Amino acid sequence: MNPRGWATRSKILDLLTAPVYEPWIDLRATLCLLDPRQLLDEKTLSNENFRDQLASADIIVANKSDRSTPESQAALAAWWQHAGGGRQRVETTQGNIDGALLDLPRLNQTELPSSPEHAHHHGVKHGLAALSLPEHQRWRRNLNSGQGHQACGWIFDADTQFDTIGILEWARLAPVERVKGVMRTQDGLVRINRQGEDFFIETQNVAPPDSRIELISAVNTDWNALQSSLLKLRLSSGG
């Protein structure tokens, strides 16, 4: 669940159920992966995408049971009593679910109201997906905002490598809610995914065509200071 994801539920389902795809796609149940601790955050609860994704799912997968607290369990129970609506709920850890859930029929046909926020972003790429480098430019920064969150992303060319340990520590300690990126290091590809204190990394021997990383925050953040420390982690800079 990405609180500021531009890929809204309605756009995705409208696309997958379009007549042109009917001969090839049999859309089954929609599963929504939820960290119940997010139900304790008023800012997340007020986010339209967050609410819409939960409302449209056939099955709610309450993930990260190993990190649950009495407060998050109570919040989940209260939300479920109010919004469960006879749907199926699964509680699990690390997203482990029975594969048979993916083949259940799609029953939830809830119509969600469109909003100016969704209409404004229709068909437009944002954030890291919209970034590209002009010829001969080594890196650039992009600022973005929406639904109460601010984001700052950077893209670096294929000749720029980062210190592996340094970039991981930078991502882990950055004073933001969300970090996601794919970085080119001396050890190959490092994929970074952090939400709050949950920090996941994946390494591969192959190198990506460029390096991209984005930070998302709900409060004002000193992007210049973060950028300064990020640039110092380059093993090959040249600009």
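Visitor: Is Asp35 buried or exposed?
Guide: This is a predicted model. Asp35 has a relative accessibility of 9%. The cut-off for buried is under 20%, so Asp35 counts as buried.

Visitor: Which side chain meets Asp35 in a salt bridge at 3.9 Å, N to O?
Guide: A salt bridge needs the nitrogen within 4 Å of the oxygen. At 3.9 Å, N to O, one pair with Asp35 qualifies. The partner is Lys64.

Visitor: How many residues apart in sequence are the parts that Lys64 and Asp35 tie together?
Guide: Lys64 lies in the loop between strand S2 and helix H4. Asp35 lies in the loop between S1 and helix H2. So the pair ties together parts whose separation in sequence is 29 residues.

Visitor: Which residues are linked with Asp35 and Lys64 in a network of salt bridges?
Guide: Side chains of opposite charge can pair when their charged atoms come close. Here Asp35 and Lys64 belong to a network of salt bridges. The other members are Arg37, Arg67 and Asp198.

Visitor: Where does Arg28 lie, the salt-bridge partner of Asp103?
Guide: The closest N and O atoms of Asp103 and Arg28 are 3.6 Å apart. Asp103 sits in the loop between strand S3 and helix H5. The pair ties together parts 75 residues apart in sequence, because Arg28 lies in the loop between helix H1 and strand S1.

Visitor: What does Asp103 count as, buried or exposed?
Guide: Its relative accessibility is 52%. Exposed means over 50%. Asp103 therefore counts as exposed.

Definitions and conventions:
Residues are numbered from 1 along each chain as its sequence is written. This is a predicted model: local features need pLDDT of at least 70, side-chain atom pairs count only at pLDDT 80 or more; totals for chains, interfaces and linings use all residues. Side-chain values use heavy atoms; hydrogens and water are left out. Helices (H or I, at least four residues) and strands (E, at least two) are DSSP runs, numbered from the N terminus. Buried means under 20% relative accessible area, exposed over 50%, partly exposed in between (1.4 Å probe, protein chains only).
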